[in-house]
Amino acid sequence: MSEKDPEIGFKKETVSKLLSSFFKEDKTRLSGDAVLLMTEMLKIFVQEAAVRSQKQAESEDCDQVDIEHFEKILPQLLLDF
């Protein structure tokens with residue numbers, strides 16, 4: 001990406017609500033640092049999935065990435081994370 005492209009990522013509020021929805025107790029708190037870390041992890045995970053899917057499509061001589069390419073890389077991606 002060039003320097004002029006805007007940064008694409010997840011909203012901190014969305015990640016915070018998503019994580020909070022899995023808490024069993026209402027007393028559980030989530031620090032700002034934890035939200036920032038999880039936001040960055042999600043961003044890296046999605047970027048890695050896109051890159052691996054593209055490489056899979058190229059290895060099959062396809063011009064376009066389909067869901068099948070993503071499904072093929074998903075098991076190893078989940079193991080790597």
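**Exercises on helix H2 and its salt bridges**

Ser-53 is found in helix H2, which spans residues 32–59, helices being DSSP runs of H or I with at least four residues, numbered from the N terminus. The model is predicted, so that local features need pLDDT of at least 70 and side-chain atom pairs count only at pLDDT 80 or more, while totals for chains, interfaces and linings use all residues. Residues are numbered from 1 along each chain as its sequence is written, and side-chain values use heavy atoms, with hydrogens and water left out.

**Exercise 1.** Describe the surroundings of Ser-53.

*Solution.* Begin with accessibility: Ser-53 has 4% relative accessibility and counts as buried (under 20% is buried, over 50% exposed, partly exposed in between, with a 1.4 Å probe and protein chains only). Next, the side chain of Ser-53 reaches the backbone oxygen of Ala-49 at 2.8 Å. Finally, leaving aside neighbours within four places in sequence, Ser-53 is in contact (heavy atoms within 4.5 Å) with Val-65, His-69, Phe-70 and Ile-73.

**Exercise 2.** Identify the network of salt bridges that share partners.

*Solution.* Apply the rule that a side-chain nitrogen of Lys or Arg lies within 4 Å of a carboxyl oxygen of Asp or Glu; the count comes to three salt bridges. Arg-52 pairs with Glu-48, their closest N and O atoms being 2.8 Å apart. Asp-80 forms a salt bridge with Arg-52 at 2.7 Å between the closest N and O atoms. Because Asp-80 lies in helix H3 (residues 67–80) and Arg-52 in helix H2, this pair ties together parts 28 residues apart in sequence. Lys-72 forms a salt bridge with Glu-60, again with closest N and O atoms 2.7 Å apart. Shared partners thus join Glu-48, Arg-52 and Asp-80 into one network.

Notes: Helix = DSSP H or I, 4+ residues; strand = E, 2+ residues; numbered from the N terminus. Polar contact = N/O pair within 3.5 Å; in protein donor to acceptor, adjacent residues only side chain to side chain.
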